[in-house]
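Colleague: I've got this model open in front of me and I'd like to talk it through. Can you help me read it?

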Amino acid sequence: SVMWFAGAAAEEVVTDPPGRVGRLSHTEGEVTLAPAGTEEWAEAILNRPLTSGDRLWTESGARAELQIASAAVYLNERTSFGFVELDDDVMQMSLTGGAATIRVRRLSENESIQVDTPNVAISLREPGEYHIEVDAQADRTIVKTRHGEAEVFANEQTHLVRADEQGVFSGLQQLTAQIEPLGAAVH
């Protein structure tokens, strides 16, 4: 019990959380969480506040939904997701594998929403709905903008993926970008 008290006391020293946190609002199947600064993966608990450094993984057949003030993030199965930085003005996420749909309801003037993948950085410039797929083995990121406008940065180049377009970004140093109307692609 002494260990337990030490742990409880240590946890109370945590600094005030930032104004904005994420919340795990829905899960199905096996969803695990590694809190900031740890490699300890454990079952993700519904409604737990999520903040900078927290990472989530969805197993095969699993899904997760996160609410962050004016945005929602839906994670598909076998998806590796994290908050790099989450505060009142910045929502920087990382998606290193799998797929996520991000719905941005409002975007204040000084607010930035960004998704980092292994080969590009994606800035969500307008309210809308964005679907991002990452195939880490193939060094490929697919950005589908259903509504809104995404700006994709890679190798000092910027590409816009506008409403009803999808961009396929392949490679690391030798990045190729292909942007086409949504629905035109054959997979």
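What follows is a short back-and-forth about the fold, one aspartate and some salt bridges.

Colleague: Let's start broad. How many helices and strands does the chain have?

Modeller: Keep in mind that this is a predicted model. Of its 187 residues, 41% count as buried. As for the elements, the chain has 1 helix and 17 strands.

Colleague: What share of the exposed area comes from carbon and sulfur atoms?

Modeller: The chain exposes about 10200 Å². Of that area, the part supplied by carbon and sulfur atoms is 49%.

Colleague: Now aspartate 54. Is it buried or exposed?

Modeller: Aspartate 54 sits in the loop between β4 (49-50) and β5 (55-58). Leaving out residues up to four places away in sequence, its contacts include Leu33, Pro35, Arg48, Phe81 and Phe83. The relative accessible area of aspartate 54 is 5%. The cut-off is under 20%, so aspartate 54 is buried.

Colleague: Which backbone nitrogen lies 2.9 Å from a polar atom of the aspartate 54 side chain?

Modeller: Stay in that loop between β4 and β5, where aspartate 54 lies. The backbone nitrogen at 2.9 Å from a polar atom of its side chain belongs to threonine 51.

Colleague: On to β5. Which residues make up its covered face?

Modeller: β5 has two faces, a covered one and an uncovered one. Arg55 and Trp57 are on the uncovered face. That leaves the covered face to Leu56 and Thr58.

Colleague: Which residue of β5 is the bridge partner of threonine 32?

Modeller: Strand β2 (residues 31-34) and β5 run antiparallel, joined by 4 bridges. Within β5, threonine 32 is partnered with tryptophan 57.

Colleague: And which residue in β8 stands opposite leucine 56?

Modeller: β5 also runs antiparallel to strand β8 (residues 80-86), with 3 bridges between them. Leucine 56 belongs to the covered face of β5. Opposite leucine 56, in β8, is phenylalanine 81.

Colleague: Salt bridges next. How many are there in the whole structure?

Modeller: One of them pairs the side chains of arginine 78 and glutamate 77, at 3.8 Å from N to O. Arginine 78 is partly exposed at 46% relative accessible area, and glutamate 77 is partly exposed at 29%. A search of the whole structure puts the number of salt bridges at 10.

Colleague: How many residues apart in sequence are the parts tied together by arginine 103 and glutamate 129?

Modeller: Their side chains meet in a salt bridge, 3.0 Å from N to O. Arginine 103 is in strand β9 (residues 90-104) and glutamate 129 is in strand β12 (residues 128-135), so the pair ties together parts whose separation in sequence is 26 residues.

Colleague: Which of those two counts as buried, and which residue joins them in a salt-bridge network?

Modeller: Arginine 103 counts as partly exposed, at 36% relative accessibility. With 16% relative accessibility, the one that counts as buried is glutamate 129. The network of salt bridges links Arg103 and Glu129 with Arg146.

Colleague: Last one. Where does arginine 125 lie, the partner of glutamate 151?

Modeller: The side chains of glutamate 151 and arginine 125 meet in a salt bridge at 2.5 Å, N to O. Glutamate 151 is buried, at 16% relative accessible area, while arginine 125 counts as partly exposed at 43%. Glutamate 151 is in strand β14 (residues 149-154), and arginine 125 is in the loop between β11 (121-124) and β12.

Notes
Residues numbered from 1 in each chain as written. Predicted model: local features only at pLDDT ≥ 70, side-chain atom pairs only at ≥ 80, totals over all residues. Heavy atoms only, no water. Buried < 20%, exposed > 50% of the residue type's maximum accessible area, 1.4 Å probe, protein only. Areas by Shrake-Rupley, 256 points an atom, 1.4 Å probe, with all protein chains shown as cover. Polar contact = N/O pair within 3.5 Å; in protein donor to acceptor, adjacent residues only side chain to side chain. Contact = heavy atoms within 4.5 Å. Pairing = 2+ DSSP bridges. Salt bridge = Lys/Arg side-chain N within 4 Å of Asp/Glu carboxyl O.
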